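Work through these exercises with the sequence and the 3D view side by side. Try each task before you read its solution.

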Amino acid sequence: MSIHPASVAHDFAAAFNSRNPDAVDTVYEPSGLFVPEPGRTVTGAARRAANQRFLDLGLPIDLRPRHVYEHDGIALLIVDWTIGDLHGTATDVARRGEDGRWRYVIDNPFGTA
């Protein structure tokens, strides 16, 4: 049974709202790329630190998948999000793992900038 690719966005929101950085990091593939600001990309420990800055705001995230396009285990997600006064539209790429779970390969929260 395959989980819908939009589940990665909902998993991210649940992890973010738990304020648990370990849970947030499990939503990414091990080498997953995060774009904390337009033009800058990070992976690994730097990805975790960049996400921690958003967690440190102490505010919940609300996200709403606008479009989800999936083909052969790869998905493109366009997701509107809000954290307090911060908001944006993410352009994300996810991949379905052998366990059926979707994880971010690229998380670009400012994807339309």
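**Exercise 1. Find Arg101 and decide how far it is exposed: buried, partly exposed or exposed.**

Step 1. Recall the cut-offs: buried means under 20% relative accessible area, exposed means over 50%, and partly exposed is in between, with a 1.4 Å probe and protein chains only. Areas come from the Shrake-Rupley method with a 1.4 Å probe, and for residues only the protein chains shown count as cover.

Step 2. Read the value. Arg101 has a relative accessible area of 25%, so Arg101 is partly exposed.

Step 3. Place the residue. Arg101 sits in the loop between β5 and β6. Helices (H or I, at least four residues) and strands (E, at least two) are DSSP runs, numbered from the N terminus.

Step 4. List the partners. Contact means heavy atoms within 4.5 Å. Neighbours within four places in sequence aside, Arg101 contacts Asp11, Thr26, Val27, Arg95 and Arg96.

Step 5. Check a distance. Ile78 is 23 residues from Arg101 in sequence, and their C-alpha atoms are 18 Å apart in space.

A note on the model: it is predicted, local features need pLDDT of at least 70, side-chain atom pairs count only at pLDDT 80 or more, and totals for chains, interfaces and linings use all residues. Residues are numbered from 1 along each chain as its sequence is written, and side-chain values use heavy atoms, with hydrogens and water left out.

**Exercise 2. Describe the whole chain: which elements does it have, and in what pattern?**

Step 1. Count the elements. The chain has three helices and six strands.

Step 2. Read them in sequence order. The pattern is α-α-β-β-α-β-β-β-β.

Step 3. Test the compactness. The radius of gyration is 13 Å, close to the 13 Å that the globule rule gives for 113 residues, so the chain is as compact as a globular protein of that length. The radius is taken over C-alpha atoms, and the rule is 2.2 Å times the number of residues to the power 0.38.

Step 4. Add the extent and the burial. The C-alpha trace spans about 35 × 25 × 25 Å along its principal axes. Of the 113 residues, 39% count as buried.

**Exercise 3. Compare Ala15 and Arg47: where does each lie, and what does each touch?**

Step 1. Take Ala15. Ala15 belongs to helix α1. Its relative accessible area is 6%, so Ala15 is buried.

Step 2. Look at the rest of that helix. Other buried residues of α1 include Val8, Phe12 and Phe16.

Step 3. Find the contacts. Beyond four places in sequence, Ala15 touches Asn20, Ala23, Val24 and Val27.

Step 4. Turn to Arg47. Arg47 lies in helix α3. Its relative accessibility is 2%, so Arg47 counts as buried.

Step 5. List its contacts. Leaving out neighbours within four places, Arg47 meets Asp25, Tyr28, Glu29, Pro30, Ser31, Gly32, Phe34 and Val42.

**Exercise 4. Find the cavities: how many are there of 30 Å³ or more?**

Step 1. Fix the rule. On a 1 Å grid over the protein atoms alone, a cavity is a set of points where a 1.4 Å probe fits but cannot get out, and lining residues have an atom within 4 Å of a point. Points are joined across faces, edges and corners, and the volume is the space filled by probe spheres set on them.

Step 2. Count. There are two cavities of 30 Å³ or more.

Step 3. Study the largest. Its volume is about 160 Å³. It is lined by 15 residues, and Phe12, Ile61, Trp81, Asp107 and Pro109 lie nearest its centre. Strand β4 supplies the largest share of this lining, three residues.

Step 4. Study the second largest. Its volume is about 30 Å³. Pro21, Val24, Asp25, Arg48, Asn51, Gln52 and Leu55 line it. Helix α3 gives the most to this lining, with four residues.

**Exercise 5. Look at the backbone: what phi do Arg19 and Asp72 take?**

Step 1. Recall the background. Most residues other than glycine have a negative phi.

Step 2. Check Arg19. Arg19 is not a glycine, yet its phi is positive, about 60°. Arg19 lies in the loop between α1 and α2.

Step 3. Check Asp72. Asp72 is not a glycine either, and its phi is positive, about 55°. Asp72 lies in the loop between β3 and β4. At 69% relative accessibility, Asp72 counts as exposed.

Technical notes: On a 1 Å grid over the protein atoms alone, a cavity is a set of points where a 1.4 Å probe fits but cannot get out, and a pocket is an open set with protein on both sides within 12 Å along at least five of seven lines; lining residues have an atom within 4 Å of a point.
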